[in-house]
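Got your viewer open? Switch to cartoon view and let's take a walk through the fold.

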Amino acid sequence: GGQSSVRCLDALQGYFEGRSASASNIASEASWQAQRMDEEDTLAFRQQDERWEVVIPHPVEPVWAEINHFIEQDFSVEGERNLLEANANEYAFLVNYMTLSERNRNPLQIVFSADVRQMSQDIRLELEDNGSETVLSAINASERAFTADDQRELLERVAGYLR
C-alpha cells in the first residue's frame with residue numbers, strides 16, 4: 001500500500017545480520033582453523049635479560065601468515081601504528097608504532113621533555129623459526145627509548161591476533 005511494513009523490514013534486517021555473521025565466522029575460522037591453538041597450546045611470554053619474547057607453539061610459516069594478515073589490517077593508523085615493511089624471507093616486519101609510555105606521557109612530562117610532540121618510532125618485529133615453535137620478539141630500530149614494558153605491550157597486541 002505504498003508504506004513500509006515494520007515486520008517485513010525487521011525480518012530483512014534479521015536475515016542480513018545472520019548472513020553477515022555466518023560469513024564473517026567462516027572467513028575468520030578458515031585461515032587459522034587448521035593451526036588454531038587448543039587449550040593446551042598456549043602462548044608463553046618470557047623475559048630474556050631486558051628483552052621480552054613470545055613463544056608460539058606452532059611452526060613459523062602459518063604464524064607468519066596469520067600475523068601478516070592482521071598487521072596489514074590493524075597497522076594502518078597514521079602516527080600511531082603503521083606497517084612500513086613486511087619481509088617474508090626473513091619473517092620480519094618493520095612497523096612505526098607509538099609506544100604505551102609515549103601515549104601515556106602526562107602534560108608535565110611533555111613540557112619538560114626535549115620533544116613536546118608525541119611520536120611513534122620504528123620497531124622491528126621478528127619471528128624466529130625453532131622447528132615446531134616460533135619465537136616473536138620486538139627490537140627497537142630507532143633512537144627513541146623502548147622499554148621492557150613497551151616491548152611487552154606491543155608483543156601482547158601482536159600475539160593477541162593468534163588467540
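Here is a short tour of a sheet, a helix packed on it and two loop residues.

A word before you click: this is a predicted model, where local features need pLDDT of at least 70 and side-chain atom pairs count only at pLDDT 80 or more, while totals for chains, interfaces and linings use all residues. Residues are numbered from 1 along each chain as its sequence is written, and side-chain values use heavy atoms, with hydrogens and water left out.

Start with the sheet. Its 7 strands (DSSP runs of E, at least two residues, numbered from the N terminus) form an open sheet in the order β1-β2-β7-β6-β5-β4-β3, with antiparallel pairing; a pair needs at least two DSSP bridges. Color β1 (44-48) and β3 (76-77): these are the edge strands, each pairing on one side only.

Next, select β2 (residues 51-56), which runs antiparallel to β1 over 5 bridges. Zoom in on A44 and you'll find V55 of β2 opposite.

Now add helix α5, residues 148-159 (helices are H or I runs of at least four residues). Helix α5 packs on the sheet, touching β1, β2, β4 (81-87), β5 (92-97), β6 (121-130) and β7 (133-140); contact means heavy atoms within 4.5 Å. The α5 direction makes about 20 degrees with that of β2, using lines fitted to C-alpha atoms, for helices over the stretch in contact, and N-to-C angles from 0 to 180 degrees.

Last stop: backbone oddities. Most residues other than glycine have a negative phi. Pick D49, in the loop between β1 and β2: its phi is positive, about 55 degrees. Then jump to Y91, in the loop between β4 and β5, with a positive phi of about 50 degrees. Which of the two is buried or exposed? D49 is exposed at 73% relative accessibility, and Y91 is buried at 16% (buried is under 20% relative accessible area, exposed over 50%, partly exposed in between, with a 1.4 Å probe and protein chains only).
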